[in-house]
Every structure is written in structure tokens, then in C-alpha cells.
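Please look over the sequence and the model shown here before reading on. The notes after it take up a pair of domains and then a set of strands.

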Amino acid sequence: MDKIASGSRFAGGEDQGDKLFRWLVTGLAVGTIVLLALIIFLVFGDARSALLQFGLSFLTTAIWDPVAERFGALAFIYGTLVTSAVALLIAGPISVGAALFLTEYVPKWLREPLSFLIELLAVIPSIIYGLWGLFILAPLMRDAVEPFLQNTLGQVPVIGALFSGAILGRDMLIAGVILAIMILPTVTAVSREVLRAVPDTQREGMIALGATKWEMIQGAVLPYAKAGIAGASVLGLARALGETMAVTMVIGNSSSAISPSLFTPGYTMASAIANQFTEADSEMYFSALVAVALVLLLVAALVNVAARLLVWRVARGPQGSARL
Amino acid sequence: MITAERDTVKQDSENKTGIARDGEHGMRVVNLSAWYGPVQAVRDINLSIVPQAITAIIGPSGCGKSTLLRCLNRMHEVIPGGRVGGVVLLDGQNIYGPEVDPVRVRRLVGMVFQKPNPFPMMSVYDNVVAGIKLNRSLPKSELDDIVERSLRQAALWGEVKDKLNVSGASLSGGQQQRLCIARAIAIKPEIILMDEPASALDPLATYRIEELMGDLKERYTIVVVTHNMQQASRVSDYTAFMLAGDDRIGELVEYGDTNEVFTNPRDKRTEGYITGRFG
Amino acid sequence: MEGSDITVGSGGALTRDQDGIWQRRRLVDVFMTVLITVSALIGVAVLLAILAYVVINGAPALNLDFFTQRPLPYGEVGGGVAPAILGTLYMLFVAGLIGVPIGVGTGIYLSEYAGTRLAPAVRFTIDLIAGLPSIVIGVFVWALLVRHLVGHFSGLAGSVALAIVMVPIITRTVEEVLRLVPGSLREAALALGVPRWRTILRVVLPTARSGVTTGVVLAMARAGGETAPLLLTSLGNQFFNTNLLQPMAALPVQIYNYASSPFADWHTKAWGGALVLIATIGVLSLVTRLATRGQRPG
């Protein structure tokens with residue numbers, strides 16, 4: 001093999017080998033673009049009949065009636081937004097806190113093991129979060145946390161509506177909490193990188209003014225890292241939006257009307273697809289579910305691009321930052 | 001090692017505390033040593049800083065001069081593994097005393113760094129009042145006064161008075177450094193520590209900083225670390241020369257009036273360093 | 001540190017004192033320190049809670065039958081998840097055959113031919129594919145293979161879905177580790193007259209071997225735990241099946257089916273499956289992490 005190769009090289013085949021290899025890897029790389037195009041094309045193609053049938057009302061109505069073949073995905077979109085928002089509200093502060101602990105507080109020797117433990121949360125498969133959520137978290141929420149919330153925050157005017165109604169043990173709040181746990185490692189890891197990029201001179205500048213550690217973080221570290229932390233949160237949001245199994249197992253999968261209460265069972269776009277796809281028995285039903293997938297695909301792409309842009313901005317550093 | 005260190009401090013300090021108790025003014029360093037983890041960086045420094053004057057700390061790189069400076073407002077311990085032994089008296093009180101809050105030390109002993117480090121997300125105005133806002137909220141008019149006064153003292157007012165709202169990072173390097181000086185004096189410290197404040201600047205900006213230091217010593221006590229001996233001889237009233245021994249631990253070799261140190265050094269090593277550089 | 005017997009009594013300008021603002025600032029500092037510490041502890045505590053429950057609830061399910069038998073209908077004692085374990089391994093193998101060449105090839109392209117105009121577009125595509133919700137990948141493969149080319153659920157469809165999950169992970173890792181190979185190494189080989197493609201295959205790739213392996217293993221671990229796309233593609237199977245064109249069982253799908261059932265015994269089996277899954281993935285992550293520590297080229 002070697003001899004043949006060098007023989008042909010002598011005959012001027014050297015360029016041939018390089019050319020072939022370049023074409024091969026370029027072909028594979030272009031293949032990924034083709035793949036993405038194919039994904040969009042096929043999903044769009046199968047969603048077409050539902051989109052043609054229902055038009056914009058697919059996004060603005062909440063009626064999902066397979067028997068009458070009337071489909072509007074608003075309830076799923078609503079469920080996706082609410083659960084993701086809950087997840088971000090819970091996981092955002094905790095993740096930034098954990099990232100601050102890892103960069104500003106923890107002694108060096110403990111930093112890596114601790115980061116590893118938190119990042120391990122990211123490799124646990126979705127199905128295991130679902131299992132844990134279904135059998136451990138949901139009963140805990142139903143029996144302790146949610147009654148407590150109802151008795152306290154539920155009594156407050158306006159926001160009390162979020163915590164009203166019967167507690168069933170399968171609802172959007174539980175889904176949001178599970179999602180929060182799942183995006184925690186992502187947001188923590190990215191925030192940690194962003195915080196590590198804050199120059200020590202910024203920290204020292206604040207400390208030398210007689211700032212406490214927290215004032216240093218508040219005055220110098222967080223403002224510098226602001227955009228990057230936003231990017232980290234959006235990356236977490238992107239993950240929450242598309243998460244399927246864990247949500248499917250705890251959200252209750254019910255397409256009843258949109259209710260302000262977090263204690264209502266619901267659907268997200270992803271859980272609706274996972275839960276109903278194999279039962280769909282008509283062309284239009286399939287098409288409507290694929291249309292939901294199309295909406296999810298577009299939203300996920302949009303959020304991912306937004307996150308990239310934010311992270312890209314951070315990579316350039318704050319405008320004009322003390323470059324000398 | 002620490003215990004032994006503490007014992008020497010105790011012995012040594014007993015006769016000196018008497019003086020310290022009588023409302024002594026200014027800063028005095030007694031038997032100061034500093035470590036990075038297990039590695040000792042400076043050893044047994046004794047030094048009295050003269051108030052309302054400029055004291056320069058000079059010496060070859062690695063002699064521990066920046067480390068010593070950072071010990072004077074408890075910035076050394078901010079570095080992971082940074083430890084300090086010995087005593088630094090500020091107006092008669094040991095800044096390393098157990099009841100002392102390092103945050104309060106740093107409000108009385110300000111610092112300007114080698115690289116200008118304005119806060120890029122804050123305006124020029126907010127940079128100046130950053131330290132004030134930590135401690136109390138003042139009415140806008142009072143803050144305005146402080147900003148103008150600090151920037152005037154830092155010889156920057158004329159250049160930035162029309163752009164107080166632009167980012168502190170958009171100024172030139174020399175302006176940034178003077179902004180950092182304004183930021184440091186806005187909280188009215190007694191002492192300002194400067195760690196090679198002009199080493200990142202061009203000659204003209206350097207000249208302006210040196211000029212500014214001369215103005216500032218009317219009100220403040222200044223300790224400046226520099227590797228530039230001409231600068232030390234130009235701006236300082238007193239000079240401390242440090243050198244790392246064979247064990248690479250920095251020691252104070254000579255300390256005295258700048259003219260004396262540069263023209264008539266007592267120690268051969270000082271002479272060697274100065275003539276080597278000047279020659 | 002506190003060689004401090006020298007101090008003048010208390011009440012100096014530096015002392016922590018009774019002054020209200022200073023006290024409040026200190027208090028806020030302590031409060032935030034506690035809050036930040038607790039945040040980090042929450043992350044660790046949740047991890048430990050999940051691991052503990054999986055181990056405690058899953059361990060009773062593990063026995064020889066669990067690994068060697070097929071699932072039995074409810075009411076019959078015993079049975080196991082052997083078809084699911086085999087199915088997962090089988091589909092991962094096929095997914096690897098598809099995904100590894102594409103991922104490694106694209107990674108090589110991005111690292112070694114980065115100057116081309118196409119590279120940013122490819123990188124952007126990889127980012128978008130990585131950001132695709134896995135259920136959408138399932139819908140796509142269903143539309144492509146289940147609906148059109150094969151006509152029914154199949155192990156092949158599952159493998160393709162898992163391959164799509166793997167590609168961006170492998171690509172990103174390979175690009176990253178190849179970039180760490182020093183340029184001098186490439187130049188040295190090229191200077192010896194070795195053509196570029198052989199330089200890449202014989203010098204660059206072997207130098208980054210451990211990093212490339214890490215990427216592949218991580219991608220396998222991630223794909224092996226995927227459930228959602230398989231629900232729409234390989235579907236699941238109670239029987240042993242090695243025909244790629246037939247529905248095929250997978251461990252995560254089996255866990256889902258057991259967990260959604262009303263039977264306590266099946267719940268235990270779900271936990272058992274979860275324990276097997278998490279132990280495998282955990283060991284793989286740990287091993288790759290330890291193996292690559294300090295071994296990166298450069």
C-alpha cells in the first residue's frame with residue numbers, strides 16, 4: 001500500500017491524493033449543510049398541509065381537536081414559554097451564584113472537582129431526570145412545596161393567580177423545576193467561563209477602593225460579564241425550549257385551555273410531539289404535529305443564534321476596555 | 001514558621017509600641033515579611049513612610065517591591081496563597097491587627113495600578129464616584145463637586161469635563177491612568193500607593209503623571225514603586241532600595257533621602273545598582 | 001499573619017465598629033457570601049440526590065435475569081431488559097459508523113481548511129444542528145425513513161437519529177483538539193515532502209488521538225441516553241431483534257415505557273435501567289476526563 005502510494009507520488013500523483021482528501025472532507029462538511037437543509041425541507045414539507053389549512057391561526061388558537069381535525073398550537077407554545085421562563089427564573093440566579101462561587105470564592109484545589117460535579121448534571125440523560133421528576137420531585141412538590149406556595153404567595157393579589165387551583169402533582173411548575181435543574185450545568189459552565197475572562201485588574205481596582213468582596217463582584221465583575229451571562233442564560237433557555245422526555249413525564253400532558261396557574265397540567269411543544277406522535281391516525285393530525293416541530297425548530301434556531309451573537313460580543317470584550 | 005515569625009515581631013515590637021501609642025501619624029512598617037504560598041517574597045522590612053512626601057521603592061525586577069507595596073493596604077492577601085507577617089502601623093494602629101477590617105484599610109490607603117484599570121462599563125463620572133458610592137449615598141450636587149474636585153486634582157478636568165458620560169475605557173491610556181488617580185483620591189485617602197503607574201504609558205503621558213505626583217504630595221502621602229531610576233530621582237523625596245538575596249527573597253538594602261541614596265549611597269549594592277544603570 | 005500584639009487599643013480608624021453603614025455593608029457581604037455558597041451547594045446537592053435515588057431504587061432490580069432476559073408481560077415474574085441493552089449498543093454502533101466519519105471529517109475540514117469561505121457556514125450549521133431539539137431530529141428521521149424510505153419504524157431510523165445527535169459533538173471536539181496540535185508539527189512533516197493528506201492522517205490526527213477519542217466517547221454517551229428521537233424512529237421492541245429494518249428496543253425507551261406503566265415492579269425495573277444507564281455514562285465521562293487530563297497536545 002505504501003509502495004503503491006509512493007509510486008504514484010513519483011508519477012505526479014501527490015497532488016491527486018491531496019485533492020482527493022480535500023474533496024472528501026469538504027464533501028463531508030458540505031454534507032452537514034445538506035443535512036440541515038434536508039431537515040428543514042422535510043419538516044417544512046410534512047407540515048405544509050397543516051400550515052395551508054390553518055394558516056396563522058395555527059399559532060394563535062388553542063383548540064387541539066384531533067377528532068374534528070382542528071389544530072391550533074397556542075397552548076403548546078404557551079406551555080413551552082411558561083416552563084422555560086420558570087426554569088430560567090430559578091436556574092439563572094442559582095447558576096450565576098454557583099459560577100461566582102467557583103470563580104471568586106472557592107479555593108483552587110476544590111475548584112476543579114466541584115466544577116466536575118456540577119457539570120456531571122449535564123451528562124445525565126433526560127429520561128433519568130424524567131424518572132426522578134416523576135417519582136421523587138413530583139410527590140414532593142404536590143405534598144409540600146405547592147401547598148406551601150398556595151398558602152403563602154397564593155394569597156397575594158395578582159401573582160396569587162399563578163398558584164391557584166387544584167394541586168394534581170403533574171403541572172407546569174414541576175416541569176419548570178425539572179428544566180431548571182437540567183439547564184443549571186449549562187448556564188453555570190458558560191457563566192464560569194465568562195467570569196474567568198474578567199481581568200483581575202478590574203477586581204483589584206474595586207478592592208483597592210475599599211470594596212467588600214460582594215461590592216467588588218457587584219461593581220466590577222458582574223457589569224463586565226453582563227453580556228456573557230445573558231448569553232449563558234439564553235443558551236440555557238435554548239436547551240429548556242427543546243427538552244422533551246423529562247418534561248413529558250411530569251407536565252401532565254393535557255391540552256385544556258390556557259390558564260394562568262402554574263399548577264395546571266399542560267403541554268410543551270416537545271412533549272406534545274413525543275406524547276401524540278405514535279397515536280396520530282390521520283394525515284392532518286401528523287401534519288399538525290410536524291408543524292409544531294417546525295415551530296419548535298425555528299424558535300430553537302432563533303434562540304441559538306441570539307446566544308451565539310451575545311457570546312460573540314463578549315469574546316470581543318466590553319467596548320474599548322482598557323486595551324494597552 | 002509563622003509562630004517563629006510572630007515571636008520575633010512581638011519581641012521587636014515591644015519597645016516600639018510605646019511610640020506607636022502616642023497617636024503617631026503616618027505609616028510605619030515593622031519586620032514585614034510576605035509569602036506566596038510556601039515561597040517567601042520579602043523578608044523583615046522596616047521602613048517609616050514620611051507623610052506628605054513621595055517615597056520611591058526601587059530595585060531590580062523580582063526584588064519584591066510590588067509585593068511590599070501591596071502589603072501596605074492589604075492587597076497582597078487578595079492573591080490566592082498571599083500571606084503577610086509583621087506589622088504595618090497606620091496612624092499608630094496595626095493594619096494587620098485582628099480587629100482591623102481590611103476594607104477600611106483600603107479606604108485610607110488607596111492604590112493606583114501598573115495598567116490603568118478604569119471600569120469599562122462605567123462612565124468617567126461613575127468611575128470617579130465608584131468608591132464613594134460604596135459607603136454612602138450623597139445628593140447629586142455633592143457628587144458633582146467631588147467629581148470636579150477629584151478630576152481637577154488629577155489634572156484631568158479640562159480634558160474630560162465635556163465628556164463625563166462617555167465610558168471610562170474610551171479615554172487615552174494616560175487619561176485612563178489619571179482617571180484611576182482621580183478615582184483613588186475621590187475617597188480622600190491618607191496615602192496613595194502607586195505600582196509603576198507610568199510604565200504602560202508613552203513619555204508625554206509619563207511626564208504628566210510625574211508632574212501630577214508632585215502636585216498631589218501637598219495633600220497626600222505617596223509611595224511609588226518604579227523600575228525607572230531616573231523617574232525615582234526626579235519625583236521622589238525618599239528612596240528605598242530593595243534587592244533579592246541569594247535565596248531570592250527581597251530585602252530592604254537602603255532607605256533614605258533620595259539625593260543621599262543616589263549621590264552618596266551607604267551600601268555597596270545600592271551603588272552598584274545605581275551606577276550600573278546610570279553608567 | 002496576625003502578628004498583631006502591637007496594636008493600639010480598639011476604636012482606631014481601621015477597626016470594625018458600630019458605625020451603621022459599615023455594619024450594613026459587612027452584613028450584605030456576609031449575606032451574599034452565604035447565598036452564593038448555597039447556590040453552588042444546591043447544584044451538588046441535586047446531583048447527589050438524583051444519583052442516590054437512582055442507586056437506592058435501582059439496585060434491587062439488578063440480577064442476572066435483568067441483563068439476560070427479555071421483558072415479560074405484566075404478572076409473569078422475572079424478565080429483564082436484555083433486548084434494550086443490546087438494541088442500544090447495536091444502534092450506537094451503527095450510528096457511530098455513520099456519525100464518526102462525518103463528524104471527524106467535518107472537524108478536520110474546519111481545523112485544517114479553516115481558510116476557506118465555506119468554513120464559517122459549516123461551523124454555523126454545526127451550531128444549529130447542535131441546538132436542534134432532539135425531538136425535532138426524531139420528526140425529521142421519521143419523515144425521511146419511517147414515512148418514506150423504509151415505510152415503518154426501524155432500528156436503522158433510530159441509528160440515523162442518534163448519528164445526527166453525535167455529529168456536532170464530534171465535530172466540535174475534533175476541531176478543537178486538532179487546533180491544539182502545534183503548526184510546527186505540520187510544517188515539519190510537510191517539509192519532509194509528506195503530502196498534506198498524509199500529514200493530517202499520519203501526524204496530526206494521531207497526535208490528537210486522545211482528544212478525538214474523547215469526542216467520540218462523549219458523543220456516544222450523549223446519544224446512548226437519548227430517548228425522544230427513538231420514540232419516533234426505532235419505537236421499541238419487547239423481543240430480541242438484530243434486523244435493522246425492524247423496530248428495535250433501546251434502554252432509555254424501555255425505561256420510559258416501564259416508568260409510564262402503573263405497576264410497581266416495572267417502576268423498579270425502570271430505576272434498574274436508569275442505574276445501568278447512568279453508571280455506564282458516568283464511568284465513560286469520568287474515564288475520558290481522567291484520560292485526557294494533561295494529555296492534550298500543545
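The text below treats the domains of one chain and then strand pairing in another.

This is a predicted model, in which local features need pLDDT of at least 70 and side-chain atom pairs count only at pLDDT 80 or more, while totals for chains, interfaces and linings use all residues. Residues are numbered from 1 along each chain as its sequence is written, and chains are lettered from A and ligands numbered from 1 in the order in which they are written.

Chain A splits into domain 1 (2-54) and domain 2 (59-315), with bounds that come from an automatic or database domain assignment. Taken over C-alpha atoms, the centres of these two domains of chain A are 36 Å apart. Contacts between them involve 9 residues of domain 1 and 11 residues of domain 2, where a contact requires C-beta atoms, placed from the backbone, to lie within 7 Å.

In chain B, strand β4 covers residues 82-90, and 7 of its 9 residues are buried. A buried residue has 20 or more other C-beta atoms within 10 Å of its own, with C-beta atoms placed from the backbone. Strands are DSSP runs (E, at least two residues) numbered from the N terminus, and two of them pair if DSSP finds at least two bridges between them.

What does β4(B) pair with? Strand β1 (residues 27-36) of chain B runs antiparallel to β4(B), joined by 8 bridges; B:Ala34 has B:Val84 as its bridge partner in β4(B). Strand β5 (residues 93-94) of chain B also pairs with β4(B), in the antiparallel sense and over 2 bridges. Here B:Leu89 is bridged to B:Asn94 of β5(B). The hairpin of β4(B) and β5(B) has 2 residues between the strands, and B:Asp91 takes a positive phi near 50° in this hairpin.

Notes. Two residues are in contact if their C-beta atoms, placed from the backbone, lie within 7 Å. A residue is buried if 20 or more other C-beta atoms lie within 10 Å of its own, exposed if 12 or fewer, and partly exposed in between; C-beta atoms are placed from the backbone. Helices (H or I, at least four residues) and strands (E, at least two) are DSSP runs, numbered from the N terminus.
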